[in-house]
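This report walks through one protein chain, from single residues to cores and a pocket. Keep the structure open while reading.

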Amino acid sequence: MALDPHQCERSAGGGLPPIVRGVAFAVIVLSTAFLGPTTWILPFLPMLFLSHSWWRITIDRFVGSWFIFITRVLELCFGLKVTVAGDRIEHGKPGLIIMNHPTGLDWLFFWNALLQMDWRLLTTLKVVLKEVIKKVPGAGWGMQLNTLLFLNRRMEEDRKRIKDMVEYWARTENNYQVLMYPEGTTICEDTLQKSRKWGEKHGLPKFDHVLHPRVNGFVLMVQKMRQLKSIDYIYDVTLAYNDVVMESELEIFKGNSPKDIRYYVEKFRIGDLPKDDKGLADWLNERWRLKEERLRAFHDQPKDTRQLSNGKDVETFKYSDKVQEIRSTWTTIWFFFLAASIYAITCYPRAMLLHLAVSSAVFLAALRYYGGFDKLQVEVRKWQLSKPKTQ
């Protein structure tokens, strides 16, 4: 398998062992991911029914501020460096982002890339993920609040989920950028061999660095977004890890995190893509063939001089002073929130634990009776739009 070897490297900065950094990352991420939604859901909840537009704006920015905070935590704990080049992803235009999927945490590291382009992208990003993730207490609840799209790989069920969520996003009248992984799963020796057999059966080329994309979900997503006029661009993002490729998501909690990640972005106007389903499927397969060539060329280069741009003169994005100020502000606020929460739990344990218990019950009830808080928001919005407007 032509991937960089998995390895455990000592994290940059401070000389702390990787396991210490991994535990610190786990404590910060998991505690804020739990305390954030459970602390604020009850005060915000009436807004869901009284003013859905303000609810959506508030939640998107609340979750986006946490994304911004985590980008800094990744750098503090692991010395993460992200290089992103190519075309800019536009915050003010609705779009679909497609990316190869080497590991289960690709979406997490992508936040750092988006932040280098435009911090506002972290308030309008939506991600297509596996359904099991939404059931994780805390982090999964925050993802439900953010109305991410959760699929279970059963096309008949997923078809309705895609339709409902894309319609919901369009009805909010916000310009979202939706990240999806057409490969449907992460690359490893087993999935690579299965993909090769499937590709050979269908007359497709042999890949070493990517899996053959599952075209049906991509075609369905594009056509539905087209129908609702909620897509202007498709962004083809090629991702490459230049050091560590994690075999499991849990490795990051052991400190075995990548520190050198590369992204290359290519932008396409939706009007330039084929209109029919087969044409879209062929377009995606061709993009993945080119992505394989780009990654092969990348890995054939010396490690210290690797580039995904293949020598092209393209824009490289870096943190602006304004973004650094915004991130420093939100990092301070979230660390203060964490400290204040710990203080409140210590000094007022009964009141705080009761509040957290009631908030948790709200999420658990939504999961049991509606399939999740994401679906509850979709149903509430449908109900609001079905009511006759008063004169």
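Is Leu356 buried or exposed? The model is a predicted one, and in it Leu356 has a relative accessible area of 8%. The cut-off for buried is under 20%, so Leu356 is buried.

## Leu356 and helix H11

Leu356 sits in helix H11, which runs over residues 349-370. Its contacts, leaving out residues up to four places away in sequence, are Phe34, Leu35, Thr38, Thr39 and Ile345. Asp272 is 84 residues from Leu356 in sequence. In space, the two C-alpha atoms are 50 Å apart.

## Annotated transmembrane regions

An unreviewed UniProt entry gives the feature "transmembrane region" at residues 23-50, 62-84, 328-346 and 352-371. The span 352-371 is 95% helix and 0% strand. Its end C-alpha atoms lie 27 Å apart.

Residues 62-84 have another make-up: 74% helix and 17% strand. Here the end C-alpha atoms are 25 Å apart.

## The annotated domain

The UniProt annotation "domain: Phospholipid/glycerol acyltransferase", from an unreviewed entry, covers residues 95-219. Helix makes up 46% of this stretch and strand 14%. Its end C-alpha atoms are 14 Å apart.

Two residues with positive phi follow. Thr147 is not a glycine, yet its phi is positive, about 50 degrees. Thr147 lies in the loop between helix H5 (139-145) and strand S4 (149-151). Its relative accessibility is 0%, so Thr147 counts as buried.

Arg153 also has a positive phi, near 70 degrees, and is a residue other than glycine. It is placed in the loop between S4 and helix H6 (155-171). With a relative accessible area of 44%, Arg153 is partly exposed.

## Nonpolar cores

Which residues touch the most other members of the largest nonpolar core? They are Trp107, Phe109, Phe110 and Tyr263, in a core of 73 residues. Helix H2 (residues 52-78) supplies the largest share of this core, 13 residues. Another core, of 38 residues, lies apart from it. Among its members are Leu96, Val128, Val210 and Val378.

Take Phe110 for the local detail. Beyond residues up to four places away in sequence, Phe110 touches Ile89, Ile97, Met99, Leu179, Val237 and Tyr263.

## The second largest pocket

How much space lies in the second largest pocket? About 380 Å³. Its lining has 23 residues, and Val82, Thr83, Ala85, Arg262 and Thr316 lie nearest the centre. Four elements give two or more residues to this lining: strand S1 (81-86), helix H3 (106-117), strand S7 (260-269) and strand S8 (316-317).

The lining is mixed in class. It has nine nonpolar, six polar and eight charged residues.

## Three more buried residues

Ile326 belongs to helix H10 (residues 321-347). Its relative accessible area is 17%, so Ile326 is buried. It touches Ile68 and Trp119, not counting residues up to four places away in sequence. Ser65 is 261 residues from Ile326 along the sequence, but the C-alpha distance is 9.4 Å.

Glu251 is found in the loop between strand S6 (233-241) and S7. Its relative accessibility is 14%, and Glu251 therefore counts as buried. Outside its neighbours within four places in sequence, Glu251 is in contact with Met246 and Asn256. Glu251 and Ile19 are 232 residues apart along the chain, with C-alpha atoms separated by 9.6 Å.

Leu376 is in helix H12 (residues 373-386). A relative accessible area of 12% makes Leu376 buried. Ala366 and Tyr370 are its contacts, residues up to four places away in sequence not counted. Leu376 and Tyr235 are 141 residues apart in sequence, and their C-alpha atoms are 30 Å apart.

Key: Residues are numbered from 1 along each chain as its sequence is written. This is a predicted model: local features need pLDDT of at least 70, side-chain atom pairs count only at pLDDT 80 or more; totals for chains, interfaces and linings use all residues. Side-chain values use heavy atoms; hydrogens and water are left out. UniProt positions are given in the numbering used here, feature names are shortened, and annotations may be inferred rather than shown by experiment. A nonpolar core is a set of buried Ala, Val, Leu, Ile, Met, Phe, Trp, Tyr and Cys residues joined through side-chain atoms within 4.5 Å. Buried means under 20% relative accessible area, exposed over 50%, partly exposed in between (1.4 Å probe, protein chains only). Contact means heavy atoms within 4.5 Å. On a 1 Å grid over the protein atoms alone, a cavity is a set of points where a 1.4 Å probe fits but cannot get out, and a pocket is an open set with protein on both sides within 12 Å along at least five of seven lines; lining residues have an atom within 4 Å of a point. Grid points are joined across faces, edges and corners, and a volume is the space filled by probe spheres set on the points. Ala, Val, Leu, Ile, Met, Phe, Trp, Tyr, Cys and Pro count as nonpolar, Asp, Glu, Lys and Arg as charged, and the others, Gly among them, as polar.
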